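Trainee: I would like a close look at a single part of this structure, the metal site. Please take me through the site and then through what lies around it in the chain.

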Amino acid sequence: MLEADFQVPALDHLWQQRPLIIAGPCSAETEEQVLTTATALAASGQVHLFRAGLWKPRTRPGSFEGVGSLGLGWMQQVRQLTGLPTATEVASASQVEQALKAGIDVLWIGARTTVNPFSVQEIADALRGLNQPVFVKNPLNADVDLWTGAVERVAKAGIQHIGLIHRGFASYANTEFRHAPMWHLAIEMKRRHPDLLFINDPSHICGRRDKLQGVAQRAADLGCDGLMIECHPRPDEAWSDAAQQLSPEGLRHLLDGITWRRQDAAQAACHAALEQLRQRIDGLDDEIVQLLSQRMKLAEQIGAYKKTHDIAILQTARWNQILDRILDSSERLGLSEEFIHRFLEAVHLESIAHQTAVFGKEK
Ligand code: PEP
Ligand code: MN
């Protein structure tokens, strides 16, 4: 075995690192490819954790399914030669055991595994009592509860260092992304788990390297703690996810172009102005909720009238009239049509629920 040239940083330190940059190939392919990538990434000084998939969950059989345990020795060499801690994906108890035995520092649960509570529980059970950092990628489907459930299973096994990876959600809708980012779900997950590390994976969101910069910056703007980005010495020749991987040089360029935002604006005294604006926002939110409550009370009166006169709750012509009238003013007010449409739809559904409750009441 090779002599350790570098001290691998303690994992507590890794968890404090901001921004935390995780990079490496989608899949470990050959010893040469793994070591070339890791050496270049370590030399950049911008990467803190080396990733490589050994066991690859592929959508269709027959695609390259990873080198498996053969790659564990390559990961050990990465650690010894570069000092970078290593991370890989695990999908079963046996993979957890093999990875831990080989000294892999960080494990992650992939999007195709997070969807399955049985598999997540199996992994959590295999980790019970160990102080092993684990990242949980979002499930492929847009279900935040499933994501939270996976985090809870890992946390209940006693794991203290848990990170979330936002890698986008499968969608049938036409989108410019490979996996739609659905930022609102990432925001909701961060709200639910404010103390967990929050990492963005633009590679699997974009599916193509020319879009990575924009998504990574968007994530930084929202206050993510770091990035996981796929990186290959010869991206176009990669055995998996070729179109989205960056060369080490491309990664350096991307990271140099990112503006990172401070996490905790409340700390600085000079943010009194921000605090004032937030107070005004809170005031407006209070008013909006009051107005909505008044609107629903009117809807209940309308419900009572319709019930007495045997008029149906849903009046499509009136609903269209409301939509047209308000949408007409949306642009002037600086609000997108899409937002107004979604907002009014939610208000309308709530109004129907109130009227339905009135219809259901005894006289
Ligand atoms: C990967 O990181 O290479 C991977 C398979 O990711 P995901 O689980 O997000 O698809
Ligand atoms: Mn990949």
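Mentor: Along the chain, the donors of the manganese ion (ligand 2) follow the spacing C-x177-H-x25-E-x10-D. In this predicted model, those protein donors are Cys26 through SG, His204 through NE2, Glu230 through OE and Asp241 through OD, and they lie 2.1 to 2.4 Å from the ion. Cys26 sits in the loop between β1 (20–24) and α2 (31–44), while Glu230 belongs to strand β8 (residues 226–230), so this pair ties together parts of the chain that are 204 residues apart in sequence. Both Cys26 and Glu230 are buried.

Ser27 is also found in the loop between β1 and α2. Ser27 counts as buried because its relative accessible area is 0%, and the cut-off for buried is under 20%. Leaving out residues up to four places away in sequence, Ser27 touches Gln33, Gly53, Lys56, Phe64 and Ser240.

Next, consider helix α10, which covers residues 212–221 and includes Gln217. Ala216 has its place in helix α10 too. With a relative accessible area of 0%, Ala216 is buried. Setting aside neighbours within four places in sequence, the contacts of Ala216 are Pro202, Leu227, Leu254 and Ile258. The C-alpha atoms of Ala216 and Ile21 are separated by 11 Å, although these two residues are 195 residues apart along the chain.

Gln217 has a relative accessible area of 16%. Is Gln217 buried or exposed? Gln217 is buried, because 16% falls under the 20% cut-off. Outside its neighbours within four places in sequence, Gln217 is in contact with Gly257, Ile258, Thr259 and Arg261. Ile258 is thus a contact of Ala216 and also of Gln217.

Now place these parts in the whole chain. The chain is divided into domain 1 (11–261) and domain 2 (275–360). The centres of domain 1 and domain 2, taken over C-alpha atoms, are separated by 42 Å. Taken along the principal axes, the C-alpha atoms of the chain fill a box of roughly 85 × 50 × 40 Å. The chain has 14 helices and 8 strands.

The pairing of Cys26 with Glu230 joins parts that are far along the sequence from each other, 204 residues apart. For the chain as a whole, take the contacts between residues at least 6 apart in sequence: 73% of them join residues at least 24 apart. Of the 363 residues in the chain, 45% are buried.

The surface can be described as well. About 19,300 Å² of the chain is exposed, and carbon and sulfur atoms supply 53% of that area. A nonpolar patch on the surface is formed by Leu333, Leu335, Phe339 and Phe343, with about 350 Å² of accessible area together. Phe343, one of these residues, is found in helix α14 (residues 337–360). Phe343 has a relative accessible area of 35%, so it is classed as partly exposed, a class that lies between the cut-offs of 20% and 50%.

Key
Residues numbered from 1 in each chain as written. Chains lettered and ligands numbered in written order. Predicted model: local features only at pLDDT ≥ 70, side-chain atom pairs only at ≥ 80, totals over all residues. Heavy atoms only, no water. Helix = DSSP H or I, 4+ residues; strand = E, 2+ residues; numbered from the N terminus. Buried < 20%, exposed > 50% of the residue type's maximum accessible area, 1.4 Å probe, protein only. Contact = heavy atoms within 4.5 Å. Domains from an automatic or database assignment. Donors = N, O, S within 2.8 Å, 3.2 Å for Na, K, Ca; no water. Patch = residues over 30% accessible without salt bridge, like charges linked within 9 Å, V, L, I, M, F, W, Y side chains within 5 Å. Areas by Shrake-Rupley, 256 points an atom, 1.4 Å probe, with all protein chains shown as cover. Salt bridge = Lys/Arg side-chain N within 4 Å of Asp/Glu carboxyl O.
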